[in-house]
Amino acid sequence: MGSSRDIAIGPVAVVSLLLGTMLSDEISDIKSHDYLRLAFTATFFAGVTQMALGVLRLGFLIDFLSHAAIVGFMAGAAITIALQQLKGFLGIKNFTTKTDIVSVMRSVFQSAHHGWNWETILIGVAFLTFLLVTKYIAKRNKKLFWVAAISPMISVIVSTFFVFITRADKKGVAIVRHVKKGVNPSSANEIFFSGKYLGAGIRIGVISGMVALTEAVAIGRTFAAMKDYALDGNKEMMAMGAMNMVGSLTSCYVATGSFSRSAVNYMAGCKTAVSNIVMAVVVLLTLLLITPLFKYTPNAVLASIIIAAVLGLVNIEAIILLWKIDKFDFVACMGALFGVIFKSVEIGLLIAVAISFAKILIQVTRPRVAVLGKLSGTTVYRNIQQYPKAAQITGMLIVRVDSAIYFSNSNYIKERILRWLSEEEAQRTASGFPRIQYLTVDMSPVTDIDTSGIHALEELYKSLQKREVQLILANPGPIVIEKLHASKLTDLIGEDKIFLTVADAVSTFVPKGEGEV
């Protein structure tokens, strides 16, 4: 149903952690039947959320989770997942159910003297080293991608064989033991459509569905860009929604696009979504035929595979780049990261979204207002901070508003312009230049204006009249000029004070150029 040709679907680490954490917050006994039912309920409503976003074409909502927030969230989730694997990696039997770093590290060190198993640690370290080396080889030589792709399978086969022949499980090495053979039954009658867990199921489903969708769309866009084809976000959402709704009826939990599996697909040369069908058939055959063979697989190897997989989610280079480019983005990234590792996945997400919204609000309510000067030998006017050699015009102050003018920023823009005027007036008077008689507002970037914005321009005009300064508007867009005419503001300012360009305004009111400041 989706438009992506490369995305590989299945359970992923971040969504699994998020779902597991939120489910255990509601029902602490993870072996209870209600826990299972709540998982299916959350999956169903995750699918409903995704389908609704696609049908109503509300895909833009997931864009509120910025790139910086996703980088931080992924890194935090990766660290949390890796810490959770210390139970299997070190052979600890009594381990905390909490996910925050403080609780996990306390649990690890409290069991250091009596709870660690050296055979388990040896197995874990050996296979983790093997997995990281194969990833390094694959990264250095793209043609050897298959080495990293099959290394987890080799790890499972080799470790299972050695544990079986040495019977290391009798020496304290924890193993998988019995894995139920066959396909899980239908879960259509297990979903909560009423009762005390319905609200929790909807809440968990909406959050996990949005996160899953964000990851899937990001992966889909990445590979679509690499292969140069268009990705229909709304189709992807409807496809993901249908998939998770059907999955919830067949004993599945929330699935989404996996970057590692999609990368293997891409490197293997898969061209269409049929690769997902092949993958599903292989998993089905595994469930039906070879699950008993996993009995002696050590938990330490599974922990090693997960740790090796999630380490790639910590993108140090991207975090450093965020610091260099935009400090606010870096704060959003760190907020998400520390929120996840010190509190919980939900708190990390909440912090990331809150900081992203705060950034939008600051940019909307505090737009840039620049003073313009003329570039020598041209009729081009540019920001004097960007071009220090740009000269200001004698008797005129030229400013540019770099955003639409709405109720949220109109008062700030008016006050900022008047402040610029006062500061420039004082500087020019002190330097012996003539007083400012004209204020030209370059409205090229102003895409829209509302009634509050028009009212602010009226107040600006009246303030300027008291100072004996003429207001001039340059290049207002079609929507803006239409609204200015409708509000009669053009009559107030005067049609002769509205120009196509700043250069036209300057040549009209400062005809001889009278010198530059």
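D228 lies in the loop between α8 (198-227) and α9 (233-248). In this predicted model, D228 is not a glycine, yet its phi is positive, at about 60 degrees. With a relative accessible area of 71%, D228 is exposed. R57 makes a good companion case, sitting in the loop between α2 (33-55) and α3. Its phi is near 55 degrees, again a positive value in a residue other than glycine, and R57 is exposed too, with a relative accessible area of 56%. R167, which follows α7, also has a positive phi, near 50 degrees. For background, most residues other than glycine have a negative phi.

Now for α7 itself. How far apart are the end C-alpha atoms of helix α7 (residues 145-166), and what span should its 22 residues have? At 1.5 Å a residue the helix should span 32 Å, and the end C-alpha atoms are indeed 32 Å apart, so the two values agree. Even so, α7 has a kink of about 40 degrees at S151, shortly before the proline P152. S151 is also one of the buried residues of this helix, a list that runs V147, S151, S155, V156, S159, T160 and V163. Among the elements that cover these buried residues are α6 (118-140) and α12 (299-311).

On to the nonpolar interior. The largest nonpolar core has 59 residues, and those with the most contacts inside it are L23, L38, F73, V108, I123, I204 and V211. Helix α3 (residues 67-84) is the top contributor to this core, giving 8 residues. What does F73 touch, leaving aside its neighbours within four places in sequence? The contacts of F73 are V14, V211, A336, V340, V345 and L349. There is also a second, separate core of 30 residues, with L397, L421, L439 and V469 among its members. As a general matter, nonpolar side chains tend to be buried together in soluble globular proteins.

Aromatic rings come next, with a count of 9 aromatic pairs. F338 and F342 form one that is tilted, 6.0 Å centre to centre and with 35 degrees between the planes. These two residues are 4 apart in helix α14 (residues 327-342), so about one helical turn separates them. Neither F338 nor F342 is buried: F338 is partly exposed at a relative accessible area of 42%, and F342 counts as partly exposed at 43%. Another tilted pair joins Y438 and F509, at 4.8 Å centre to centre and 45 degrees between the planes. Here Y438 comes from strand β6 (residues 438-442) and F509 from helix α20 (residues 502-509), so the pair ties together parts that are 71 residues apart in sequence. Y438 counts as buried, at 17% relative accessibility. Elsewhere, ring pairs link F44, F45 and F193 into a cluster.

Rings also meet charges in this model. The charged end of R5 sits over the ring of Y229, 4.1 Å from the ring centre. Likewise, K327 has its charged end over the ring of W323, 4.6 Å from the centre.

A few single positions fill in the picture. I92 is found in the loop between α4 (86-90) and α5 (101-110). Is I92 buried or exposed? Its relative accessible area is 4%, and since buried means under 20%, I92 is buried. Its contacts, not counting residues up to four places away in sequence, are L86, K87, V108, S111, G115 and W116. V108 in that list is also one of the residues with the most contacts inside the largest nonpolar core. By contrast, V14 is not in the contact list of I92; the two are 78 residues apart in sequence and 23 Å apart in space, C-alpha to C-alpha.

S344 is another loop residue, placed between α14 and α15 (345-365). S344 is buried, with a relative accessible area of 11%. Beyond its neighbours within four places in sequence, S344 is in contact with T99 and G339.

Finally, M279 belongs to helix α11 (residues 274-290) and counts as partly exposed at 24% relative accessibility. Which residues does M279 touch, not counting those up to four places away in sequence? The contacts are A8, I9 and R261. M279 and A8 are 271 residues apart in sequence, yet 8.7 Å apart in space, C-alpha to C-alpha.

Key. Residues are numbered from 1 along each chain as its sequence is written. This is a predicted model: local features need pLDDT of at least 70, side-chain atom pairs count only at pLDDT 80 or more; totals for chains, interfaces and linings use all residues. Side-chain values use heavy atoms; hydrogens and water are left out. A nonpolar core is a set of buried Ala, Val, Leu, Ile, Met, Phe, Trp, Tyr and Cys residues joined through side-chain atoms within 4.5 Å. Buried means under 20% relative accessible area, exposed over 50%, partly exposed in between (1.4 Å probe, protein chains only). Contact means heavy atoms within 4.5 Å. Rings of Phe, Tyr and Trp (its six-membered ring) pair if their centres lie within 6.5 Å; planes under 30 degrees apart count as stacked, over 60 as edge-to-face and the rest as tilted. A charge sits over a ring if NZ of Lys or CZ of Arg is within 6 Å of the ring centre and within 35 degrees of the ring normal. The expected span of a helix is 1.5 Å times one less than its number of residues. The bend at a residue is the angle between axes fitted to the seven residues ending there and the seven starting there.
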